[in-house]
Amino acid sequence: MTDVRRIFSGSPWEKVVGYCRAIERGGVVAVSGTTSMKDGRVFGVGDPAAQTSRCLEIIEGALRELGLSRTDVIRTRLFVTDIARWEDFGRAHGEFFRGCEPATSMVEVAALIDPEMLVEIEADAVRAK
């Protein structure tokens, strides 16, 4: 059986909903949908680029706890509440991953769990051998 490693953020919702920030099995890492929370509040209210950057920083922190980095990310999924602002989301994503671009998708959703949230990002990574 392959070892499983889980990283928890400490969010009270992890126990209620039953999830972890990131999970690794067999060198493959999945990072849960991540929003721009900081100190219990939505960071970058009204600013798609700031929220995107914050989400990616949180994702990178979870990867770091597992001994990986942004260069190990192979896929991201951006769920956005206003696709008309795709350039703002995309620019922040592009700056973060410059030189190590993953496959990605950006999909408009009707809403996220808090109306001030503009983006939620998932990421998949693979540990280099």
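This report covers salt bridges, a buried serine, an aromatic pair and a surface patch in a predicted model.

## Salt bridges

The count of salt bridges comes to eight. Three of them are described here, beginning with Glu-24 and Arg-5.

The side chains of Glu-24 and Arg-5 meet at 3.6 Å, N to O. Glu-24 sits in strand β2, residues 22-25, and Arg-5 in strand β1, residues 4-7, so this bridge ties together parts that are 19 residues apart in sequence. Glu-24 is buried, at 6% relative accessibility. Arg-5 is partly exposed, at 39%.

## Bridges across distant parts

Arg-70 and Glu-60 form a salt bridge through their side chains, with an N to O distance of 2.9 Å. Their positions are ten residues apart: Arg-70 is in the loop between α2 (48-65) and β6 (73-80), while Glu-60 is in helix α2. The pair therefore links distant parts of the chain. Glu-60 has 16% relative accessibility and counts as buried, because the cut-off for buried is under 20%. Arg-70 has 24%, so it counts as partly exposed.

Glu-122 and Arg-77 make another salt bridge, at 3.4 Å from N to O. Glu-122 belongs to strand β8, residues 119-126, and Arg-77 to strand β6. They are 45 residues apart, and this pair too links distant parts of the chain. Glu-122 is partly exposed, with 26% relative accessibility. Arg-77 is partly exposed as well, at 21%. Which residues are joined into one network by salt bridges that share partners? They are Arg-5, Glu-24 and Arg-127.

## A buried serine in a loop

Ser-36 is placed in the loop between β3 (28-34) and β4 (37-38). Is Ser-36 buried or exposed? Its relative accessible area is 1%, so Ser-36 is buried.

What does the side chain of Ser-36 reach? The partner is the backbone oxygen of Phe-43, at 2.9 Å. Phe-43 also appears in the list of contacts of Ser-36, which leaves aside neighbours within four places in sequence. The other entries in that list are Arg-41, Val-42, Gln-51, Arg-54 and Cys-55.

## One aromatic pair

A search of the whole structure finds one aromatic pair. The partners are Phe-96 and Phe-97, with ring centres 4.9 Å apart. Their planes stand at 80°, so the pair is edge-to-face. The cut-off for that class is over 60 degrees.

Both rings belong to buried residues. Phe-96 has a relative accessible area of 12%. Phe-97 has 2% relative accessibility.

## A nonpolar surface patch

Which residues make the nonpolar surface patch? They are Trp-13, Val-16 and Val-17, and the patch covers about 360 Å². Trp-13 lies in helix α1, residues 12-18. Trp-13 has a relative accessible area of 54%, so it counts as exposed. The cut-off for exposed is over 50%.

## Summary

Trp-13 is exposed, whereas Ser-36 is buried. Phe-96 and Phe-97 pair edge-to-face. Among the eight salt bridges, the one between Glu-24 and Arg-5 joins strands β2 and β1, and the one between Glu-122 and Arg-77 joins strands β8 and β6.

Technical notes: Residues numbered from 1 in each chain as written. Predicted model: local features only at pLDDT ≥ 70, side-chain atom pairs only at ≥ 80, totals over all residues. Heavy atoms only, no water. Patch = residues over 30% accessible without salt bridge, like charges linked within 9 Å, V, L, I, M, F, W, Y side chains within 5 Å. Areas by Shrake-Rupley, 256 points an atom, 1.4 Å probe, with all protein chains shown as cover. Salt bridge = Lys/Arg side-chain N within 4 Å of Asp/Glu carboxyl O. Helix = DSSP H or I, 4+ residues; strand = E, 2+ residues; numbered from the N terminus. Buried < 20%, exposed > 50% of the residue type's maximum accessible area, 1.4 Å probe, protein only. Polar contact = N/O pair within 3.5 Å; in protein donor to acceptor, adjacent residues only side chain to side chain. Contact = heavy atoms within 4.5 Å. Phe/Tyr/Trp six-rings, centres within 6.5 Å; stacked < 30°, edge-to-face > 60°.
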